[in-house]
Amino acid sequence: MLIGVDKIVENIGRLPPDIFAETCQQILNQLQGQTQGVDVAEISDRFQKAGVILDLEDAEDIIKLLSFNFRLAAKNNLTAEQLVTKLDQSSSGWPKCALQTVRNMWSEQGAVIRTHQEAQVMMSVGQLVDVKWKLGMAVSSDNCRSLNSPYVSLLLKVADTSGQITHKSFEMTVPQFQNFFRQFKEIATVLETV
């Protein structure tokens with residue numbers, strides 16, 4: 001039974017080269033600040049459409065391993081050769097075509113990522129990617145047969161500092177939402193003066 005890095009690398013070996021390159025490019029785009037995060041669910045769907053059946057956790061592990069190594073290479077100012085050597089030392093199971101893809105991509109984009117990562121160290125705050133909302137009506141509960149109480153349900157899509165996209169959901173009463181809205185209006189007013 002494979003564990004840790006070897007298991008993740010084995011799963012990388014199951015990916016078609018174009019899908020692996022596309023995954024690397026999404027991670028590199030995020031590390032360059034071109035996108036706000038890497039959507040694990042979307043990448044997992046791409047894997048499945050390409051005929052590679054991996055669960056969401058396995059896809060997440062692939063993204064985390066690649067992102068970690070690209071960040072490490074940026075932080076330590078590694079050349080493409082040094083990065084590939086580190087990957088090869090971490091597991092003997094790396095497919096040669098995957099290492100070649102990493103070498104080529106890091107040669108082309110490594111310098112830009114290093115510069116962007118240095119700037120990112122200054123601000124370690126997540127980013128709001130998307131907001132979805134809906135208005136609902138609670139009609140009853142265990143304690144009360146007739147609530148008839150409106151509520152607002154919010155779903156936030158947030159990219160944390162590592163680029164991992166997570167979903168946060170919560171509900172508010174209408175007065176809570178109105179207060180929330182007022183605060184956002186105040187923020188918008190302040191931003192207009194900047």
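**Helices, cysteines and charged pairs in a predicted model**

Visitor: In which helix is D88 found?

Guide: In this predicted model, D88 has a relative accessible area of 34%, and the residue therefore counts as partly exposed. Its place in the secondary structure, residues 80-90, is helix α5.

Visitor: How far apart in space are D88 and A98, C-alpha to C-alpha?

Guide: Along the sequence, D88 and A98 are separated by ten residues. D88 belongs to helix α5, and helix α6 covers residues 96-122. Taken from C-alpha to C-alpha, the separation of D88 and A98 in space is 11 Å.

Visitor: In which helix is confidence highest, and what is its mean?

Guide: Over the chain, pLDDT averages 86, and 92% of the residues score at least 70. Confidence is lowest in helix α6 (residues 96-122), where the mean is 85. The highest confidence is found in helix α5 (residues 80-90), at a mean of 94.

Visitor: Why is C24 in no bond with C97, and how far apart are their sulfurs?

Guide: A disulfide requires two cysteine sulfur atoms within 2.5 Å, and the structure holds zero disulfides. For C24, the closest cysteine sulfur is that of C97, which is too far away for a bond because the separation is 11 Å. Seen from the other side, C97 is likewise in no disulfide, and its nearest cysteine sulfur, that of C24, lies at a distance of 11 Å.

Visitor: Which accessibility class does C97 fall into?

Guide: Buried residues have under 20% relative accessible area and exposed ones over 50%, with partly exposed in between. C24, at 0% relative accessibility, therefore counts as buried. C97 has a relative accessibility of 45%, so its class is partly exposed.

Visitor: Which residues are linked with R46 in a network of salt bridges?

Guide: By the rule that a Lys or Arg side-chain nitrogen lies within 4 Å of an Asp or Glu carboxyl oxygen, the count comes to six salt bridges. One of them joins E22 to R46, with the closest N and O atoms 2.9 Å apart, and another joins the side chains of E42 and R46 at 3.1 Å, N to O. The residues linked with R46 in the network are therefore E22 and E42.

Visitor: How many residues apart in sequence are the parts that the pair of E22 and R46 ties together?

Guide: E22 and R46 form a salt bridge at 2.9 Å between the closest N and O atoms. E22 lies in helix α2 (residues 17-31), whereas R46 lies in helix α3 (residues 40-49), so the parts tied together by this pair are separated in sequence by 24 residues.

Visitor: Which accessibility class do E22, E42 and R46 fall into?

Guide: The relative accessible area of E22 is 33%, which makes this residue partly exposed. E42, which is four residues from R46 in helix α3, or about one helical turn, has a relative accessible area of 35% and is therefore partly exposed. R46, at 29% relative accessibility, also counts as partly exposed.

Visitor: Which residue forms a salt bridge with E60?

Guide: E60 lies in helix α4 (residues 56-75), and its partner sits in that helix four residues away, about one turn. E60 counts as partly exposed at 25% relative accessibility, and its partner counts as partly exposed at 43%. The closest N and O atoms of the pair are 3.1 Å apart, and the partner of E60 is K64.

Visitor: Which residue has its side chain joined to that of N29 by a polar contact?

Guide: N29 has its place in helix α2. With a relative accessible area of 18%, N29 is buried. The polar contact made by the N29 side chain has a length of 2.7 Å, and the side chain on the other end is that of Q25.

Visitor: What is the phi of N77?

Guide: Most residues other than glycine have a negative phi. N77 lies in the loop between α4 and α5. Although N77 is not a glycine, its phi is positive, at about 55 degrees.

Visitor: How much accessible area do the residues of the nonpolar surface patch have together?

Guide: The patch on the surface is formed by F184, I187, V190, L191 and V194. Among them, I187 lies in helix α7 (residues 174-193) and, at 44% relative accessibility, counts as partly exposed. Together, the residues of the patch have an accessible area of about 540 Å².

Definitions and conventions:
Residues are numbered from 1 along each chain as its sequence is written. This is a predicted model: local features need pLDDT of at least 70, side-chain atom pairs count only at pLDDT 80 or more; totals for chains, interfaces and linings use all residues. Side-chain values use heavy atoms; hydrogens and water are left out. Buried means under 20% relative accessible area, exposed over 50%, partly exposed in between (1.4 Å probe, protein chains only). Patches are made of residues with over 30% relative accessible area and no salt bridge: like charges are joined within 9 Å, nonpolar side chains (Val, Leu, Ile, Met, Phe, Trp, Tyr) within 5 Å. Accessible areas come from the Shrake-Rupley method with a 1.4 Å probe; for residues, only the protein chains shown count as cover. Helices (H or I, at least four residues) and strands (E, at least two) are DSSP runs, numbered from the N terminus. pLDDT is the predictor's confidence in each residue, from 0 to 100. A polar contact is a pair of N or O atoms within 3.5 Å; within protein, one must be able to donate a hydrogen and the other to accept it, and residues adjacent in sequence count only if both atoms are side-chain atoms.
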